[in-house]
Amino acid sequence: MAMEAPLSESGCARSIGMATLFVALSSSVKVSGMPKLIISGTTHELVDEAITIGRGPDNTIVVNDPSISTHHAQFLLEGDTYRLKDLDSTNGTRVNGKPVTETVLRFDDRIRFGAAEARYESSEVGGSKPLPKPEEIKAQFAEAGAEVPHLTSASPFRRQEQQNDAVRTGILIGLGIVLLVFLGSIIAVLMMHAPTL
């Protein structure tokens with residue numbers, strides 16, 4: 001049984017196991033497991049780079065529903081998935097209940113063209129990939145008598161550098177002297193006795 005390889009972003013097939021299959025057609029690329037659009041129980045395999053959907057007979061996918069415009073929306077292939085673009089349809093396009101004009105589709109997105117319900121199934125299960133295995137972290141204990149690291153660099157506040165500025169020091173000393181003179185004069189005034197009349 002031959003395996004078919006998904007195309008990379010450059011359009012070349014990637015190797016899977018021992019078998020690699022190159023498939024190149026002028027206007028479409030068909031690879032097993034391509035994305036699918038399921039509309040009202042009918043499955044449409046998305047194999048072209050550009051796919052239009054609407055009521056008109058010239059669309060790639062024709063849906064006979066009065067709520068769908070003649071040229072309702074377009075799918076454009078981007079890597080392993082499609083970008084959905086609303087073509088200024090009368091009743092609009094919604095993805096997962098939200099109105100959109102253009103969006104990248106993800107696995108199991110629910111699409112609504114007018115009143116017609118659809119589901120997007122991608123070969124690339126982007127939203128359902130398993131999480132990568134966490135790396136094992138080994139704790140290393142400090143040796144007895146080891147120097148404790150300096151934690152001042154861990155502060156979110158900038159550290160003020162010590163400055164030996166002569167003008168600044170002079171101003172502070174002058175303010176201190178003025179303050180002492182002021183306090184001394186207040187004490188002198190309080191110690192004076194008022195003359196008796």
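1. Helices here are DSSP runs of H or I with at least four residues, and strands are runs of E with at least two. On that footing, the chain has 1 helix and 11 strands. Keep in mind as you read on that this is a predicted model.

2. The order of the elements is easy to follow. Starting at the N terminus, the chain runs β-β-β-β-β-β-β-β-β-β-β-α, so by this assignment the helix comes after the strands.

3. A few overall figures for the chain. There are 197 residues, and 22% of them count as buried. The accessible surface is about 15300 Å², with 58% of it belonging to carbon and sulfur atoms. Among contacts with a separation of 6 or more, 30% are between residues 24 or more positions apart.

4. Now the aromatics. The whole structure yields 2 aromatic pairs. In one, the rings of phenylalanine 75 and tyrosine 82 have centres 6.3 Å apart and planes at 90 degrees, so the pair is edge-to-face. Both partners are buried: phenylalanine 75 has a relative accessible area of 0%, and tyrosine 82 likewise comes out at 0%.

5. Phenylalanine 75 also pairs with phenylalanine 113. Their ring centres are 6.3 Å apart and the planes stand at 75 degrees, which makes this pair edge-to-face because the angle is over 60. The pair links distant parts of the chain, with phenylalanine 75 in strand S5 (residues 73-78) and phenylalanine 113 in strand S10, 38 residues apart. Phenylalanine 113 is buried too, at a relative accessible area of 1%. Put together, Phe75, Tyr82 and Phe113 form one aromatic cluster.

6. On to the charged side chains. The count is 6 salt bridges. One of them joins arginine 83 and glutamate 102, at 3.6 Å from N to O. Arginine 83 sits in strand S6 (residues 81-86) and glutamate 102 in strand S9 (residues 102-104), so the pair ties together parts that are 19 residues apart in sequence. How exposed are the two partners? Arginine 83 is partly exposed, with a relative accessible area of 22%. Glutamate 102 is also partly exposed, and its value is 41%.

7. Another salt bridge connects arginine 119 with aspartate 108, at 3.5 Å from N to O. This pair links distant parts of the chain: arginine 119 belongs to strand S11 (residues 116-121), while aspartate 108 is in the loop between S9 and strand S10 (109-113), 11 residues apart. Arginine 119 is partly exposed at 24% relative accessible area, and aspartate 108 is partly exposed at 31%.

8. Arginine 119 has a further partner. Its side chain meets that of glutamate 121 in a salt bridge of 2.3 Å, N to O. I'd look at that distance in the viewer. Glutamate 121 counts as partly exposed, with 25% relative accessibility.

9. Which residues make up the salt-bridge network around these pairs? Asp108, Arg110, Arg119 and Glu121 are linked in it. Two of its links are those described above, arginine 119 with aspartate 108 and glutamate 121 with arginine 119.

Definitions and conventions
Residues numbered from 1 in each chain as written. Predicted model: local features only at pLDDT ≥ 70, side-chain atom pairs only at ≥ 80, totals over all residues. Heavy atoms only, no water. Buried < 20%, exposed > 50% of the residue type's maximum accessible area, 1.4 Å probe, protein only. Contact = heavy atoms within 4.5 Å. Areas by Shrake-Rupley, 256 points an atom, 1.4 Å probe, with all protein chains shown as cover. Salt bridge = Lys/Arg side-chain N within 4 Å of Asp/Glu carboxyl O. Phe/Tyr/Trp six-rings, centres within 6.5 Å; stacked < 30°, edge-to-face > 60°.
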